[in-house]
Amino acid sequence: LAAAQASSGKQQLLEADLKQRLSEIGSELASAKADNHRLQTLEAQLRQQAKECESEMAASAASSQQQLVLEGQLKQAVAERESELDVIRSTNEDLQKLEMELKQ
């Protein structure tokens with residue numbers, strides 16, 4: 001009888017220990033699930049930020065391309081105006097020479 005009681009006591013202690021360990025595992029699992037949820041949320045935020053960054057980079061590249069086009073157009077316009085100015089200067093010099101000749 002004493003041996004059976006001792007065995008029953010050991011079994012109860014093992015059962016209590018297993019229940020305690022199962023409770024601890026449940027707590028660890030809940031904590032791991034919460035951590036996993038936080039990580040998934042952070043991952044989603046990082047993916048969204050990466051998409052926004054890609055969009056901004058694409059917009060910046062398009063803007064840079066547009067600036068290059070506008071710069072090229074501006075340089076072309078300046079070159080055309082300088083050419084027109086050269087013609088006007090040349091014409092002006094010719095007119096001044098003609099005026100001098102007419103005065104003599």
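**Exercise 1. Identify the residues that form the nonpolar surface patch of about 320 Å², and place Leu98 in the fold.**

Solution. In this predicted model, Leu95, Leu98 and Leu102 together make a nonpolar surface patch of about 320 Å². The next step is to locate one member of the patch: Leu98 belongs to helix 1, which covers residues 2-103. The last step concerns accessibility. Leu98 has a relative accessibility of 44% and therefore counts as partly exposed, since that class lies between the limits of 20% and 50%.

**Exercise 2. Describe the overall form of the chain from its secondary structure, its radius of gyration and its spans.**

Solution. Begin with the secondary structure, which comes to 1 helix and 0 strands. Next, consider the radius of gyration: the chain has 44 Å, whereas a compact globule of 104 residues would have a value near 13 Å. Then turn to the principal axes, along which the C-alpha trace spans about 150 × 15 × 10 Å. A pair of residues illustrates these dimensions. Ser23 and Gln66 are 43 residues apart in sequence, and their C-alpha atoms are 64 Å apart in space.

**Exercise 3. Determine what share of the chain is buried, and classify Ser23 as buried or exposed or partly exposed.**

Solution. For the chain, buried residues make up 0% of the 104 residues. The surface that the chain exposes amounts to about 9,600 Å², and carbon and sulfur atoms supply 57% of this area. For the single residue, first note that Ser23 is located in helix 1. Its relative accessibility is 42%, so Ser23 counts as partly exposed.

**Exercise 4. Examine the salt bridge between Glu15 and Lys19 in terms of distance, sequence spacing and exposure.**

Solution. The side chains of Glu15 and Lys19 form a salt bridge with an N to O distance of 4.0 Å. Sequence spacing comes next: both residues lie in helix 1, and because they are 4 residues apart, about one helical turn separates them. The partners are then classified individually. Glu15 has a relative accessible area of 41% and is partly exposed, while Lys19 reaches 56% relative accessibility and thus counts as exposed.

**Exercise 5. Analyse the salt bridge between Glu84 and Arg81, then name the residues that salt bridges with shared partners join into one network.**

Solution. In the first step, the side chains of Glu84 and Arg81 are found to meet in a salt bridge at 3.6 Å, N to O. These residues are 3 residues apart in helix 1, so Glu84 and Arg81 are separated by about one helical turn. Glu84 itself counts as partly exposed, at 43% relative accessibility. In the second step, salt bridges with shared partners are traced, and they join Arg21, Glu24 and Glu28 into one network. Within that network, the side chains of Arg21 and Glu28 meet at 3.8 Å, N to O. Arg21 has 39% relative accessibility and counts as partly exposed; Glu28 is also partly exposed, with a relative accessible area of 47%.

**Exercise 6. State how many salt bridges the whole structure contains, and summarise the charged side chains of the chain.**

Solution. Side chains of opposite charge can pair when their charged atoms come close. A search of the whole structure finds 10 salt bridges. The chain carries 12 positive and 18 negative side chains. To complete the account, the centres of these two sets are compared, and they lie 11 Å apart.

Definitions and conventions. Residues numbered from 1 in each chain as written. Predicted model: local features only at pLDDT ≥ 70, side-chain atom pairs only at ≥ 80, totals over all residues. Heavy atoms only, no water. Patch = residues over 30% accessible without salt bridge, like charges linked within 9 Å, V, L, I, M, F, W, Y side chains within 5 Å. Areas by Shrake-Rupley, 256 points an atom, 1.4 Å probe, with all protein chains shown as cover. Helix = DSSP H or I, 4+ residues; strand = E, 2+ residues; numbered from the N terminus. Buried < 20%, exposed > 50% of the residue type's maximum accessible area, 1.4 Å probe, protein only. Rg over C-alpha atoms; globule rule 2.2 N^0.38 Å. Lys, Arg positive; Asp, Glu negative; His and termini not counted. Charge placed at Lys NZ, Arg CZ, Asp CG, Glu CD.
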